[in-house]
Amino acid sequence: MDARRNVTALLGPTNTGKTHHAVERMLAHPSGMIGLPLRLLAREVYDRVVASAGQMSVALVTGEEKQIPPSPRYWVCTVEAMPNDIPVSFMAIDEIQLAADTERGHVFTDRLLHARGLNETLLLGAATIQPMLEKLLKGVNYVSRPRFSKLTFAGQKKITRLPKRTAIVGFSAGMVYSVAELIRRQKGGAAVVLGALSPRTRNAQVALYQSGDVDHIVATDAIGMGLNMDVDHVAFAATRKFDGFQFRNLTAAEMGQIAGRAGRYMNDGTFGLTADAVSMDAETIEQLENHRFEPLRVLQWRNRNLNFTSVDRLLGSLNALPGREGLTRIRPGADVETLSLVARDPGIIDRATGKDNVELLWETCQLPDYRNITGGEHANLVGAIFRYVADTGRIDTQWFARQLAYCDNTNGDIDTLSNRIAHVRTWTFVANRLDWLDDPGHWQELTRAMEDRLSDALHERLTQRFIDRRTSVLMKRLREREELMSSVDQEGAVLVEGEYAGRIEGLRFIAEPASGEHSKVLIAAALQTVAETLVGRAQSLVAAPDPDLSVDAAGNIIWKSHAVGRLTGSENLLKPRVETLADEQLSGPDRDAVQLRLSKFVSRHIAGLLAPLVSLGEAEELTGIARGVAFQIIEALGVLPRDRVASEVKSLDQDERALLRKHGVRFGAFHIFVPTILKPAPTSLRLLLWALHDADKRGLDASGLPEFMPQQGLTSVPFDRSTPRGFYQVVGFRVCGERAVRVDMLERLGDMIRTRVFWRAQREGEERPDGSVDGGGFTVVPDMMSLVGCSGDEFSSILKSLGFSAQKRKAPEKPQPEQTPVDVSAEQPADAPSETAPAETAPETAVADASGQVEPTETPAEAPARGEPSDTAAAAPVPDPVAAATETDASETGATANPEPAEPEMIDVWWPKDTGPFRQHRQQPANRPKGARGNTGKPDRSRYKKGSDPKKSSGPRKPPHRKEKPIDPNSPFAVLGQLKQGLTKK
């Protein structure tokens, strides 16, 4: 049969059913092949043919995908991937007007000139190509199909006023993104279709639009190539595009191809302008409405008879000119430019010898540059693949796996994922060359799965960025039904018609309704379910045990990770007010029950952590001054400086002190405090209560105070001047100079100092503790510094802040070592005094406590020491035979050495306030003037009994007899003193 006589050209505008007719004709033949302009469209047609003929009868062949069963009857291909050596009964080429395209046109020209079916060939396209077909092909049958629906110009509209089911067309990714963002804010979202998207991503985006989840789709001109969607209106956001070489205006035929997407099948469509698009002239509008465009005058062509004897001859044959009128040689494409670049590599030229290798090089250069990288980088990739295949017949498996591994990452934004998909598409193309890789089937599956993962991730990013799912789904549900179903899941999310509307946190509903006019309907539908859920939660809270509740640093009462109540300050520090945090949907008895439950929890929580303070406030046995001291301890939250209540404490008798100790109060040298509430948990609670009390006056934010808390385990920290006034006292520290020191450590330091200030041996052989100085006072020793975690000037500042003063004193001479015995008996008189005579015993004196008050020396039973004396004893003198020998030699020779005396070493000796050299001497009363009655000008001694005149007294005056007080059973120091007294008597 004459091939010219079975060629039919089915021409017409969009929406004329040309592709559908071609598929039906192919299925009527025993075998057939159809070439389509897009991989996406090829996949769509493949699915239709499989549904009719079965999967084992249909092959899918694209540049990046090959699904070929053992004996296929029908072949669905992209135009570039159509096999040339498979005879079929039916052949169809779609969108043949693309033969005029400056990038792909030569492929379509080649197919319409040479691709033929044995029995029927069908050429599908726009009527603009008919003059060229008449010139190039003889005996073609022309069939014209009218458009099923009418297309009308609708003018220019703002994006926010575009009707539903609108496709907005832009010509760059930036324009598409900006329009989609605006529609998301105003309309709830839009689907996005770009030429750079993978088919899987484009299908997923189109599905969002087709399903009604969104009413708008924003796309590039890729939408004009056979994507069948239910579009009522097409709006051009621009009428200029960059064609790879320059910016130019769209032709009327290009605009007609895009506008023709509006109005599918029998539904009329409209087109118009939006955004910054320049207005159309009347002639263009008339052309688009009537589908009459300028006919094509020339088609793109490239020589198909290539010379593979050498690279140079191959390049020459590619640059050959067409010999027929109406054809023009296409500009060098990416494959020709890549061949020219790799031909400069001597290593490539050395391998490209012989017809087979030159042909292999050309096949490698036809690898598509999906990545849109520079020509040099793409040429390097092509060169690497050619070297592997030319040298070993296969691409190195490990190298190929590494290239794929770079792309296997689903993290990143839209542009990053699009770039990775482009890379994967390149490797997918390579994997589909059956003779380039070992086990190509494995790599095809791997690259396809990787592209699917990346495509799904890209679809998710596009949806997150450009679609407000809540708004779009709600609008769809409202169109379909009147009543909206709502529910609450286990995490507290409130769903209306399966769409997220907000969340319940604790006993409150946090509404996050969809924006727009339907938000009120969404909230109303959610509140009914919310009210029922809040009642159930309130009942669960009332029945919850105390361990399920907690109080955070900001004063919130937490239940199941959410705040259900809040503490506020009151006049009573230990009884803050409790406020229930619940929506108005929870009211009546349920709300009152929650309030009562929270109040009981707070009372028990405070009573458990601050039990000593609570018991002090409730102790009825405390009266008078003791009750006043207890009140001040409570007001100070358990840490009260002693100097504030010095007079009151001095007035307390032993019974009153015992009652306070019974409630955990300790009387220290510097503080009256409760040691058990200095632990971390009680301290955090005390800090919160302090911040809440008169919070308005202090202007404190309770939630920010824990960051100033000293780290657990530290005995002192640098003084932070940014802390609120009174903060350190509440947390159990005292500001001493440049340091803040824990109060219990200060008291231990005071105890240690007290035993050393005027130390005196209590029994024979008792050694002087380390730091005690002969003559009174003390020196700083490591044990003292270790208590407060600092030394040097910082420790000195602590002592000064406590009222201690330092005296410079000559350091005691170190004991001279014993000299080696030398026979000097002849020179030393027998009655010479011994050099090791015992030192004079220090006179008895008063002992000062750490607060500076001088008290008479007491027995251990009366005032037991609370410090721990050092175990270090005085070092025994050690003889120095060298020094002794030197002295002897000097004596024998009669030499006299007169070394200059060294400056004495000075030490700091510390004294409590008003003690030792810092005692403030009281002025003695002056003698009465003579002349007064009975006044001789001498001191009055009449108060002395006969024989008791101090001047006539022959011995030390006996202290007055003191009545022994009963032992306080609650004082550990009194019990310890009684025990030591008993041991001494034994």
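This is a short dialogue on reading helices, a sheet and a few loop residues in a predicted model.

Colleague: Let's start with helix 10. Which of its residues are buried?

Modeller: A bit of background helps. An α-helix has 3.6 residues a turn, so residues three or four places apart point the same way. Now the case here: helix 10 covers residues 334–342, and its buried residues are Asp335, Val336, Thr338, Leu339 and Val342. Looking down the axis of helix 10, you find these buried residues within an arc of 160°, so they line one face of the helix.

Colleague: And what covers the buried residues of helix 10?

Modeller: The cover includes helix 9 (311–318), helix 11 (346–351), helix 12 (355–365) and helix 13 (375–392).

Colleague: Two of those helices caught my eye. How do I read the packing of a helix pair?

Modeller: Two packed helices are described by the angle between their axes and the distance between the axes. For helix 12 and helix 13, the axes come within 9 Å and cross at roughly 145°. That crossing is right-handed.

Colleague: Which residues make the contact?

Modeller: On helix 12, look for Asn357, Leu360, Leu361, Thr364 and Cys365; on helix 13, look for Val382, Ile385, Phe386, Val389 and Ala390. Sorted by class, this contact has eight nonpolar, two polar and no charged residues.

Colleague: Can we try another pair? At what angle do helix 20 and helix 21 cross?

Modeller: Roughly 145°, with the axes of helix 20 (residues 611–618) and helix 21 coming within 9 Å. The crossing of helix 20 and helix 21 is left-handed. Leu613, Leu616 and Gly617 of helix 20 meet Arg627, Ala630, Ile633 and Ile634 of helix 21. By class, that contact has five nonpolar, one polar and one charged residues.

Colleague: On to the sheet with strands 30, 31 and 32. In what order do the three strands lie?

Modeller: With a sheet, follow the strand order, then the edges. Here the order is 30-32-31, in an open sheet with antiparallel pairing. Strand 30 (716–718) and strand 31 (733–736) are the edge strands, each pairing on one side only. From one strand to the next, the twist averages 25°.

Colleague: How many bridges link strand 31 and strand 32?

Modeller: Four, and strand 32 takes in residues 739–742. To see how the two strands line up, find valine 735, which stands opposite alanine 740 in strand 32.

Colleague: Which strands does helix 27 touch?

Modeller: Strand 31 and strand 32: helix 27 (residues 743–754) packs on the sheet, and its direction makes about 80° with that of strand 32. Helix 29 (residues 792–801) also packs on the sheet, touching strand 31 and strand 32, with its direction at about 100° to that of strand 31.

Colleague: Last topic: the backbone angle phi. What should I look for?

Modeller: Most residues other than glycine have a negative phi, and most peptide bonds are trans. Against that background, lysine 560 has a positive phi, near 55°. Leucine 637 has a positive phi as well, near 55°.

Colleague: Where do lysine 560 and leucine 637 lie?

Modeller: Lysine 560 is in the loop between strand 24 (556–559) and strand 25 (562–568). Leucine 637 is in the loop between helix 21 (624–635) and strand 27 (639–641).

Colleague: Is leucine 637 buried or exposed?

Modeller: Buried, because its relative accessible area is 1%, with the cut-off for buried at under 20%. Lysine 560, at 59% relative accessibility, counts as exposed.

Notes. Residues numbered from 1 in each chain as written. Predicted model: local features only at pLDDT ≥ 70, side-chain atom pairs only at ≥ 80, totals over all residues. Heavy atoms only, no water. Buried < 20%, exposed > 50% of the residue type's maximum accessible area, 1.4 Å probe, protein only. Arc of directions from axis to C-beta. Contact = heavy atoms within 4.5 Å. Pairing = 2+ DSSP bridges. Axes fitted to C-alpha atoms, helices over the stretch in contact; angles between N-to-C directions. Left-handed = near helix turned anticlockwise from the far one by under 90°. Nonpolar A, V, L, I, M, F, W, Y, C, P; charged D, E, K, R; others polar.
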